[in-house]
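Ready to practise reading a protein model? Grab a pencil and work through the exercises below, trying each one before you peek at its solution.

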Amino acid sequence: MTILFMCAANSVRSQLAEGLARKYLTGVQVMSAGASSSHVNPMVLEVLEEMEGIDAGDHMSKSVYEVDMEKVDMTIAVCKEGVIPPELLRKPHQVWPFSVPTGKSGYQELVLKMKQRIFDLKSQIQMSTDQ
């Protein structure tokens, strides 16, 4: 299974989701992209390392159009559904409407909320494969 996390610029929310999902969703291919590309916000790298021991230094911001959409099994928008291109709306998708965090504590809070959603997703995946 391949999961694509998306947000507007692939700078903060989708990068956090990618880092956390790579750590906790074993056996799942994880990618992130934005409606457009930007840069990976340095605070993302800092909080992932401090809170989760995740080295995301190799993460790069990319546009969804740089991703092979044929390989994507599920898309999760971590902002609003409007960022998901029509090609991916025909496949399973979810919307986790997180706001852009402000300040380090906002990033830390977002990591905790996102981590819980990823654990929920892990349970959903396990239940679907057990059937």
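Here are three exercises on this predicted model, each with a worked solution.

**Exercise 1.** Work out how helices α1 and α2 pack against each other.

*Solution.*
- Step 1: Find the helices. Helix α1 covers residues 13–24 and helix α2 covers residues 42–52.
- Step 2: Look at the geometry. Their axes sit 10 Å apart, at an angle of about 30°.
- Step 3: Name the arrangement. Angles under 35 degrees count as roughly parallel, so α1 is roughly parallel to α2.
- Step 4: Add the handedness. The α1–α2 crossing is right-handed.
- Step 5: List who meets whom. From α1 come Q15, L16, G19, L20, K23 and Y24, and they meet V44, V47, L48 and E52 of α2.
- Step 6: Sort by class. This contact has 6 nonpolar, 2 polar and 2 charged residues.

**Exercise 2.** Decide whether E52 is buried or exposed, and find its contacts.

*Solution.*
- Step 1: Place E52: this residue is in helix α2.
- Step 2: Check its accessible area. Buried means under 20%, and E52 has a relative accessible area of 9%, so E52 is buried.
- Step 3: Skip neighbours within four places in sequence. E52 then contacts L20, K23, Y24, V47, V111 and K115.
- Step 4: Take one of these, K115. Its C-alpha is 10 Å from that of E52, though the two are 63 residues apart in sequence.

**Exercise 3.** Describe the largest nonpolar core.

*Solution.*
- Step 1: Count. This core has 43 residues.
- Step 2: Spot the best-connected members: I3, L4, F5, L16, V78, M114 and L121 touch the most other members.
- Step 3: Find the top supplier. Helix α4 gives the largest share, 7 residues.

Conventions:
Residues numbered from 1 in each chain as written. Predicted model: local features only at pLDDT ≥ 70, side-chain atom pairs only at ≥ 80, totals over all residues. Heavy atoms only, no water. Axes fitted to C-alpha atoms, helices over the stretch in contact; angles between N-to-C directions. Helix = DSSP H or I, 4+ residues; strand = E, 2+ residues; numbered from the N terminus. Parallel < 35°, antiparallel > 145°, perpendicular 65-115°, else oblique. Left-handed = near helix turned anticlockwise from the far one by under 90°. Contact = heavy atoms within 4.5 Å. Nonpolar A, V, L, I, M, F, W, Y, C, P; charged D, E, K, R; others polar. Core = buried A, V, L, I, M, F, W, Y, C linked by side-chain atoms within 4.5 Å. Buried < 20%, exposed > 50% of the residue type's maximum accessible area, 1.4 Å probe, protein only.
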